[in-house]
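The following exercises concern helix packing, strand pairing and residue environments. Each task is followed by a solution in steps.

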Amino acid sequence: YSQFLLSGNLHGGSVVASYPYDDSPTHKPTGVYSKSADDEVFKYLAKAYASHHPIMRTGKPNCPGEEGETFPEGITNGAQWYDVEGGMQDYNYVWADCFEITLELSCCKYPLTSELEQEWENNRESLLSFIEKVHIGVKGFVRDAVTKAGLENATIVVAGIAHNITAGKYGDYHRLLVPGTYNVTAVVMGYAPLTRENIEVKEGDATEVDFFLQPTVMAPAPNLTQLTATPAPASTIASTVVQAEAPSPTPLHQPVQPVDFRHHHFSDMEIFLRRYANEYPNITRLYSAGKSVELRELYVMEISDNPGVHEAGEPEFKYIGNMHGNEVVGRELLLNLIEYLCKNFGTDPEVTDLVRSTRIHIMPSMNPDGYEKSQEGDRGGTVGRNNSNNYDLNRNFPDQFFQVADPPQPETLAVMSWLKTYPFVLSANLHGGSLVVNYPYDDDEQGMAIYSKSPDDAVFQQLALSYSKENKKMYQGSPCKDMYPNEYFPHGITNGAQWYNVPGGMQDWNYLNTNCFEVTIELGCVKYPNAEELPKYWEQNRRSLLQFMKQVHRGVWGFVLDAMDGRGILNATISVAEINHPVTTYKDGDYWRLLVQGNYKITASARGYNPVTKTVAVDSEGAVQVNFTLKRTDAKVEEGKVPVLNTPDTSDPNEKEFETLIKDLSAENGVERLLLSSSGKVSPYRYRPYKDLSEFLRGLYLNYPHITNLSSLGQSVEFRQIWSLEISNKPNQSEPEEPKIRFVAGIHGNAPVGTELLLTLAEFLCMNYKKNTAVTKLVDRTRIVIVPSLNPDGREVAQERGCTSKIGQTNAHGRDLDTDFTGTREPETRAMENLISKRDFSLSVALDGGSLLVTYPYDKPVQTVENKETLKHLASVYANNHPSMHLGQPGCPNKSDENIPGGVIRGSEWHSHLGSMKDFSVTFGHCPEITVYTSCCYFPSAGQLPGLWAEHRRSLLSMLVEVHKGVHGFVQDKSGKAISKAVIVLNEDLRICTKEGGYFHVLLAPGLHNINAIADGYQQKHMQVLVRHDAPSSVFIVFDMENKIFGLPRELVVTVAGASMSALVLTACIIWCVCSIKSNRHKDGFHRLRQHHDDYEDEIRMMSTGSKKSLLSHEFQDETDTEEETLYSSKH
């Protein structure tokens, strides 16, 4: 684009030059002078035009109907004349560094042709004079004092004027100023600011002032610059990059050593990382794990032959540096390591093998804020050690022995979330201040400096030695004799707690809460050495860094597979006998267990499967692959056996193909790959008021009639339509076998971001139908209903950039619709309730604003939440696909310290209220609903919409994938008749009904779930189903016995029959007793009879009870006791 400096916007209707601002904060219709920071400049420019116009300069346009209107000197402040919201001249000034005024040229807006010549004569001199003013002020270049290169986007600050401008691509700038004397400052990140004082600006051409800024980072050491003094020609560079990404190893190759030895401040480090990500795209991926207190990115460089993807069976490794901001050697070594791995991949066999067999993650700085405060030459100080909130990050993790009192810090939370995201196996945390490898545990129960042994003490010692052995000085064990003369570490390693007690340390949290084994490496006695010493540190640690990474390939690894379908089992447990530290499998069933040499009994177990134990011999080198195949348990529930079901084998290739698609989209970056392969890039760029929204939806319906159906759910209070757009391959037909998902936005009119996201999602799906295979299959197999604006009346009065404003939150009756799904019903609520009450949705996603998190039911305060794990799982799927939501730090201005673990929380624990839409959906619609809060600002500026779409699109699409998981079922009797309205009871608490055709679908968290199927006239069925994280599970239920005898319910008939038989037996016994009395009338008979009567009474009582039991048992011998008992328990 062109960087405009001066502009005139030509209008008609009066004769005056109007200048910013055009509106005021109060928006009073007229009479408010709204002054900009450059008010003097704008008046100067307006006078330049008006003074040369014969009518304008009089200040009396004398327009018909406004004869009394006057403008002193022919100029006016825009808002003082009349308030104009959203005017172009203000936008130019505020957003584009361009000074614009509005010129009203004649009273008549559309004058006769015969008058145009006179208008030209009136305005000619004014137009030319105004153009000349583009040359006033001060101009020049902002350059690097060392290289003399222009500095793009430098900020130009004029003292006393609160409006800065930015330099152009070549460091060129031009600042309009009226004649006078000024102090001007040039500012660029990574450079020391420079102020030029007493610059005199005269009438006419601009005063030229150049700025030469000194870099705040040091240049490379002189003895190394000769290696890169002569730049390679472009062709050589290009071929080198290509060679670095797909070359073949060269025998006897000498690896290329790093040359970039200097201290990298944040901007310098950022550029370094971007440079290597750009030059080596086939083996690198730069991403952020979160943000620091001061919002610096916690950058991570991934290095792998398949970056961005977890390859099944390939272990993941990480290095973290600069946790303490003033301990900088680790930061620089990790940057050196990135350079070394990138430059040597494909040419050095060791590096090539390591990158091809390992997914490597490198975080050079966990505490970038502290680093910026620290000082070169610091030997043992603490300035910059802590983060910007002054907390020690290595005392900030949850501890096994002590309660950590300090609040969790953004950096800590980000790293914890990062460690839960990737299946790390091995890690090292690089520190400074000594020279030793420190291994868990870091503290003990007594808080004393004694050896605190972990279950894997032998493994940790081996890991620590693998590093120290390659560092000669470290291995000697007496590192800092001048600073700590009595300190001695045999072979350069130590147990953490034995050295000194560290509660809240990161390495222990890794070991106790993830599958990752981490050690802490102290790299040198001086915390912030001078830059010229950095090459020495690289040389001392180069071999250690590589050898330690190789340890990730020690012990055992393999897969835990399902015997039925051969798929990997997620979260299966790998236990080693006599070592109390199990690890768990990742998504493909892959696991890694670090072990020292020896023989082990290793057991693989998973819920719903029979465990398998194997004896394994581990060698001193390399890892042994051990796979486990587990058979599903025929789980017993009380006394009855229950079948365990999963997806049945199907010969339908389309089903298999779609199942594969869901599995692929569920994989890491699966949805991201869909987005990359999609066509027709769409992105919201403006807000659509009701009229535009309606036209947009009609446009989608008219352009894509075969996959869309537009309907109205009802009308708002002010009679606006509440639109519903269905997207499906058969939008006007009933397809009960397909899952149905609902997206709703705009329940609060002051939070319209969700509306724009859903409109963009709708266009994305339509544009990619029949263009993108994955999108086409999702649309073909899903019924998608989008309700973009539930509160159109509130939306019409809401105001853009109202970040905290409640204007428009309620409907036209002043009712918050998210509290109206009970009691009094507003028309908007009734319309939505009618849709929800159809009970044919599997999932609902509601979009709101005001924070950055996801809530799940209930919003009302309740003691227990049925199906809580599933509801929380669905919310987590959305949050985990968002780049920052899962970090749990919304960072909203009025709640900057708010911490939401995983970005997910139950609604009542966040903002408890009654009558919410999600509670109604769960209770009456039998549909789980989550509420997504899209951003801290309710109504952010339209300029933020593209960024918000980029952040949320992956999460929105992940919901279309997730709705296909859980349990899909079909219920029929043994004659093949489909049974609709059968009741499906899940885990004793969740109830749904089968739809038309006997179909049902319910989303459940991964794991084993109990199912009871109940239908009127049939004996209930009880089974278990295993739900996978990456595939749907199908259940085929056949009621094989009609539950009626003589047209009456089986339970009633059996009960009556049992009671009747008992009565008959009792009567027979009484008759027999009476007969016995009559036939035995002897002298002593009375006593005998009484004795016999007592004995028989007991016996009859026992017979009577026994006969009931035996009859009931006999009657139900074809069914399981479990089924009968489950029926009753499900009614409690």
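A crossing is left-handed if the near helix is turned anticlockwise from the far one by less than a right angle, and right-handed if clockwise. Helices (H or I, at least four residues) and strands (E, at least two) are DSSP runs, numbered from the N terminus. The model is predicted: local features need pLDDT of at least 70 and side-chain atom pairs pLDDT 80 or more, while totals for chains, interfaces and linings use all residues. Residues are numbered from 1 along each chain as its sequence is written, and side-chain values use heavy atoms, with hydrogens and water left out.

**Exercise 1. Helix packing**

Describe the packing of α20 with α27, then that of α1 with α4.

Solution. Step 1: axes are lines fitted to C-alpha atoms, for helices over the stretch in contact, and angles run from 0 to 180 degrees between N-to-C directions. On this basis α20 (residues 753-768) and α27 (residues 945-962) pack at about 65°, their axes being 10 Å apart.
Step 2: the crossing of α20 and α27 is right-handed.
Step 3: contact means heavy atoms within 4.5 Å. From α20 the contact includes V753, L761 and F764, and from α27 it includes L945, W949 and L960.
Step 4: Ala, Val, Leu, Ile, Met, Phe, Trp, Tyr, Cys and Pro count as nonpolar, Asp, Glu, Lys and Arg as charged, and the others, Gly among them, as polar. The contact of α20 with α27 has 12 nonpolar, 2 polar and 1 charged residues.
Step 5: α1 (residues 39-50) and α4 (residues 116-132) pack at about 150°, with axes 7 Å apart. Here L45, A48 and Y49 of α1 meet N123, S126, L127, S129 and F130 of α4. By class, this contact of α1 with α4 has 5 nonpolar, 3 polar and no charged residues.

**Exercise 2. A covered strand**

Which strands pair with β36, and in which sense?

Solution. Step 1: two strands pair if DSSP finds at least two bridges between them.
Step 2: β34 (residues 740-745) is joined to β36 by 5 bridges and runs parallel; A745 has L847 as its bridge partner.
Step 3: β39 (residues 929-933) also pairs with β36 in the parallel sense, over 5 bridges, and D848 is partnered by Y933.
Step 4: buried means under 20% relative accessible area, exposed over 50%, partly exposed in between (1.4 Å probe, protein chains only). In β36 (residues 843-848), 6 of 6 residues are buried. L843, V845 and L847 lie on one side, and S844, A846 and D848 on the other. In a regular strand the side chains alternate between the two faces of the sheet.

**Exercise 3. An open sheet**

Give the strand order and the edges of the sheet that contains β6 and β9.

Solution. Step 1: the open sheet has 4 strands in the order β7-β6-β9-β10, with antiparallel pairing.
Step 2: β7 (165-166) and β10 (194-201) are the edge strands, each pairing on one side only.
Step 3: β6 (residues 155-158) and β9 (residues 180-187) are joined by 4 bridges, with V158 opposite V184.

**Exercise 4. Two residue environments**

Is K318 buried or exposed, and what does its side chain contact?

Solution. Step 1: K318, in strand β15 (residues 316-321), counts as buried because its relative accessibility is 0%.
Step 2: a polar contact is a pair of N or O atoms within 3.5 Å; within protein, one must be able to donate a hydrogen and the other to accept it, and residues adjacent in sequence count only if both atoms are side-chain atoms. The side chains of K318 and E518 make such a contact at 2.9 Å.
Step 3: for comparison, Q409 lies in the loop between α10 (368-373) and α11 (410-421) and counts as buried because its relative accessibility is 3%.
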